Each structure stands twice: as structure tokens, then as C-alpha cells.
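These are my notes on the model, set out as numbered points. Please read them with the coordinates open.

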Amino acid sequence: MSHTVTLIPGDGTGPELTEATRRVLEATGVEFTWDVRQAGVDVMETAGTPLPPETLESIKRNGVALKGPITTPIGTGFRSVNVALRHELGLYACVRPCKTYEGVRTRYESVDVVIVRENTEDLYAGIEFESGTEDARAVIDFLNARQPKQISPTSGISIKPLSPEASERIIRYAFEYARDHGRRRVSCITKANIMKHTDGLFLAVFREVAKDFPEIEAWETLVDALCMGLVQRPEEFDVLVLPNLYGDIISDLTAGLVGGLGVAPGANIGTGAAVFEATHGSAPKYKGQNKVNPTAMILSGKLMLDHIGERDAARRLDEAVAAVIAEGRSVTYDLKPSRDDPSAVGTSEYADAIIERLG
Ligand code: NAD
């Protein structure tokens with residue numbers, strides 16, 4: 001059976017990264033029908049928008065998309081395509097597995113954590129009131145009249161909403177992910193001791209949902225203790241479920257533990273669609289140079305294989321990537337001991353080496 005997938009090449013280095021990924025995915029033997037659609041700065045001039053409606057429709061229809069990175073132009077008034085996709089498709093879970101691969105220069109070995117980040121609420125909901133405005137003053141007056149701790153009238157205000165529904169949805173997703181992927185533990189990361197009505201609510205929901213998964217260990221960890229734990233004993237952590245803000249910060253920390261953005265894949269999961277993309281951006285200064293590392297994009301493709309039920313192909317692809325990196329010969333400049341190593345290969349040749357391994 002052929003899987004129909006929306007393929008968004010993106011801009012900057014996106015097209016070369018997605019092309020390398022498409023070739024590697026096809027080499028697994030899984031059949032794909034690629035519905036190629038545009039988004040990003042390159043299509044903005046002709047379509048008048050960086051996210052044409054037909055691109056969105058394609059993802060909704062196919063339910064799965066593989067997306068290259070997209071530049072967010074500064075100061076043009078265009079909303080980020082990534083934020084728009086998240087809203088339009090209800091992508092509530094951001095999943096980022098961070099695993100060490102032998103041959104990638106890191107300070108740590110044996111890291112294998114999966115970040116499951118809530119993507120719709122928290123301080124990132126975008127509910128803010130600018131210092132000195134009438135609206136900020138009205139909110140402050142309202143709050144000062146209702147509680148003893150007085151807020152300075154000149155303050156700026158950002159609101160942190162966390163609902164039981166969105167909390168349950170992400171926590172249940174984390175436990176189901178753990179169960180389906182043979183993981184032993186899910187840790188709930190909050191600051192529930194201080195923010196009792198938001199993080200405290202998240203933790204209370206976690207305790208309830210955990211009862212439905214008795215085979216999975218449920219851990220509760222404060223986000224500050226987690227930071228120390230991750231740099232001291234990262235091997236102790238398994239699946240982490242976090243509200244939006246902590247998830248954003250901790251997923252960069254764990255990407256750093258395993259070698260940085262070049263090797264950190266990502267999945268954005270919604271109720272009706274899932275979008276797979278690397279954690280890094282469009283690296284525009286390397287555009288068209290066949291230079292940058294496609295590992296994060298290829299591993300995002302691996303997550304997509306897993307998502308569409310092609311588990312065996314996902315495992316074989318992971319092994320092929322691991323073997324090529326461990327050998328260290330046909331790898332991009334950033335995976336060499338020195339960044340100006342003349343034996344480094346390009347994006348495309350690195351993909352060729354993985355394809356050769358896949359046999
Ligand atoms: P970036 O991730 O593009 O680059 C950061 C650094 O990492 C640069 O030095 C870059 O050269 C390097 N780098 C990135 N990917 C690499 C790879 N695959 N191999 C080797 N080196 C790599 O971040 P930035 O420069 O802050 O952002 C550039 C643009 O990308 C911005 O417009 C930003 O908004 C956008 N962005 C898009 C996404 C997305 O589409 N999901 C994510 C993050 C940033």
C-alpha cells in the first residue's frame with residue numbers, strides 16, 4: 001500500500017534537506033505518493049501568503065506531512081507559518097525524541113529521552129497586556145481588587161492558562177506513547193509547589209491518568225530539579241511530559257545533551273493531522289550549498305514511518321543512520337572532528353551513504 005504524504009520542501013536549506021530525506025525514505029522500500037506543496041518565503045511573492053490554502057487542505061486531506069524548515073521573515077507582518085500550522089491543524093503535542101548516536105560529539109552517552117510538550121496553552125497562549133496600556137491597567141485593577149498581593153500598576157502582564165482538558169489530552173498521549181514504544185516511565189514536569197492552580201492542576205490530572213497505565217512508572221519531578229538531573233544523570237529519564245514553556249526550554253536542553261540541533265528530530269501531532277520536521281531552522285546562509293546535515297530531517301522521517309505504522313522500516317532506517325554516523329566517513333562537516341575537515345561529504349552524499357546501508 002502506498003502512503004500519501006504532503007511534502008513541503010520549505011525554504012533556505014529546506015528543499016535540499018527534504019530531497020535527501022525523500023530519497024532515504026523511499027530506499028526503505030515503503031511506497032509513498034508525495035503530494036508536494038509549497039510554504040515559506042519563496043512562495044510568498046507568487047501566492048501572496050507564505051501558507052497557501054491548498055497546502056493546508058493537502059495536509060488535512062492526507063493527515064500526514066513531512067515539512068522542511070521555513071524562514072520567518074522579520075518585520076513583514078506575516079505570521080510564522082509554523083504557528084499558523086499549529087493553530088489550523090490543532091497540533092497539540094510536540095514530540096521530540098533525543099537519543100545519543102555513537103560518533104556524534106557529545107558530553108554524554110546513553111541518553112534516550114522523549115519530550116512530550118503541550119503545544120497550545122500556558123504562557124505561550126499569547127495572552128499579554130503591554131505595560132502602561134489601558135487594558136493592562138484594567139486587568140491589574142481587576143486582580144488587585146481580588147487578592148491581597150498587589151501588582152504594580154506599571155507592570156506588563158502575560159497570562160498562563162492551563163485547562164484540565166488540554167492537560168489530560170497531552171498526558172494521555174504521553175502514556176500511550178510510552179506504552180506503544182515499550183518505555184518504562186513517564187515523568188510529569190512542573191513547578192506545582194509554587195503554581196498550584198496551573199502546574200498543580202497539570203500534576204493532579206497526571207496522577208489521575210497514570211492510574212489507567214499501571215504498567216508504566218509515573219514520576220513527578222520539579223522542573224528545576226529536572227535541569228540538574230538531566231545534566232547529572234540523563235540516563236535515568238525516559239518520557240517527559242511538560243506544559244508548553246518548560247517543554248520549549250527542556251527540549252533544547254535535551255537536544256544539546258545529544259549533540260545539538262543537527263540531530264534532533266520532531267513531530268507535531270494533532271487530532272486529525274501530524275507534521276514531521278527537524279527541530280532546527282532553515283539555515284539560510286547555507287542555502288543551495290549541499291552542505292548541511294540532514295540527520296534531524298531524516299530522523300523526523302523515521303518518526304513519520306513509525307506514525308504511519310511502518311515500524312520495521314523505521315527501525316531499519318534508524319540502524320542505517322546510526323551505522324553511517326558511527327563509521328564517521330561519509331558524514332557532513334558538523335559531524336567531523338574538525339569543521340573544516342576536507343573529507344566531509346555533502347547533504348546528498350550523506351543520504352547516499354544511508355541508502356547504501358539500507359541495501
Ligand atoms: P537555524 O536552526 O536555521 O540555525 C542555527 C545554527 O545552526 C546556524 O549556525 C545554522 O547554520 C546551524 N544549523 C541549522 N541546521 C543545521 C543543519 N541541519 N546542519 C548543520 N548546521 C545547521 O536557526 P536560525 O538561524 O535562528 O533560524 C533561521 C530561520 O529559520 C529563521 O527565520 C527562523 O524563524 C526559522 N526557523 C524555522 C523553524 C521551522 O521551520 N520549524 C524552526 C526554527 C527556526
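**Notes on strands, helices and two loop residues**

1. L66 stands opposite F276 in strand 12. The model is a predicted one, and this pairing is a convenient place to enter it. L66 belongs to the contact of strand 3 (residues 64-67) with strand 12, where three bridges join the two strands and the direction is parallel.

2. F276 has a partner in strand 11 as well: A267 stands opposite F276. Next along, G266 is set opposite E277 of strand 12. Strand 11 and strand 12 (residues 274-278) are antiparallel and share five bridges. Three residues lie between the two strands, which together form a hairpin.

3. How much of strand 12 is buried? Five of its five residues are, so the strand is largely enclosed by the rest of the structure. A274, F276 and A278 point one way and V275 and E277 point the other way, all of them buried. The charged residue E277 should therefore be read with the cut-off in mind: buried means under 20% relative accessible area.

4. Strand 11 (residues 265-270) is mostly covered too, with six of its six residues buried. On one side these are P265, A267 and I269, and on the other G266, N268 and G270, so that both faces are covered.

5. Besides strand 12, strand 11 pairs with strand 4 (residues 91-99); four bridges join them and they run antiparallel. L91 has G270 of strand 11 as its bridge partner.

6. These pairings are part of an open sheet of ten strands with mixed pairing, in the order 2-1-3-12-11-4-5-10-8-9. Its edge strands, each paired on one side only, are strand 2 (32-36) and strand 9 (217-222). From one strand to the next the twist averages 25°.

7. Two helices that pack on the sheet deserve a look. Helix 1 (residues 14-27) touches strand 1 (3-8), strand 2 and strand 3, and its direction makes about 160° with that of strand 2. Helix 7 (residues 199-210) touches strand 8 (185-190), strand 9 and strand 10 (239-242), and its direction makes about 165° with that of strand 8.

8. There is also a helix-helix contact to report. Helix 3 (residues 53-62) packs against helix 4 (residues 81-89) at an angle of about 45°, and their axes are 11 Å apart. That angle makes helix 3 oblique to helix 4. The crossing is right-handed. Helix 3 contributes L56, I59 and K60 to the contact, and helix 4 contributes L85, E88 and L89. By class, four of the contact residues are nonpolar, none is polar and two are charged.

9. Which residues does K191 contact beyond its neighbours within four places in sequence? They are D199, L222, V223, D224 and Y246. K191 sits in the loop between strand 8 and helix 7. With a relative accessible area of 18%, K191 is buried, because the cut-off for that class is under 20%.

10. Y108 is in another loop, the one between strand 4 and strand 5 (112-118). Is Y108 buried or partly exposed? Its relative accessibility is 22%, so Y108 counts as partly exposed. Leaving out residues up to four places away in sequence, Y108 touches T100, V231, P234 and L257. Y108 and G259 are 151 residues apart in sequence, yet their C-alpha atoms are 8.9 Å apart in space.

11. To draw the central points together: strand 12 has strand 3 as a parallel partner and strand 11 as an antiparallel one. Strand 11 in turn is joined to strand 4, again in the antiparallel sense.

How values were computed:
Residues numbered from 1 in each chain as written. Predicted model: local features only at pLDDT ≥ 70, side-chain atom pairs only at ≥ 80, totals over all residues. Heavy atoms only, no water. Buried < 20%, exposed > 50% of the residue type's maximum accessible area, 1.4 Å probe, protein only. Pairing = 2+ DSSP bridges. Axes fitted to C-alpha atoms, helices over the stretch in contact; angles between N-to-C directions. Parallel < 35°, antiparallel > 145°, perpendicular 65-115°, else oblique. Left-handed = near helix turned anticlockwise from the far one by under 90°. Contact = heavy atoms within 4.5 Å. Nonpolar A, V, L, I, M, F, W, Y, C, P; charged D, E, K, R; others polar.
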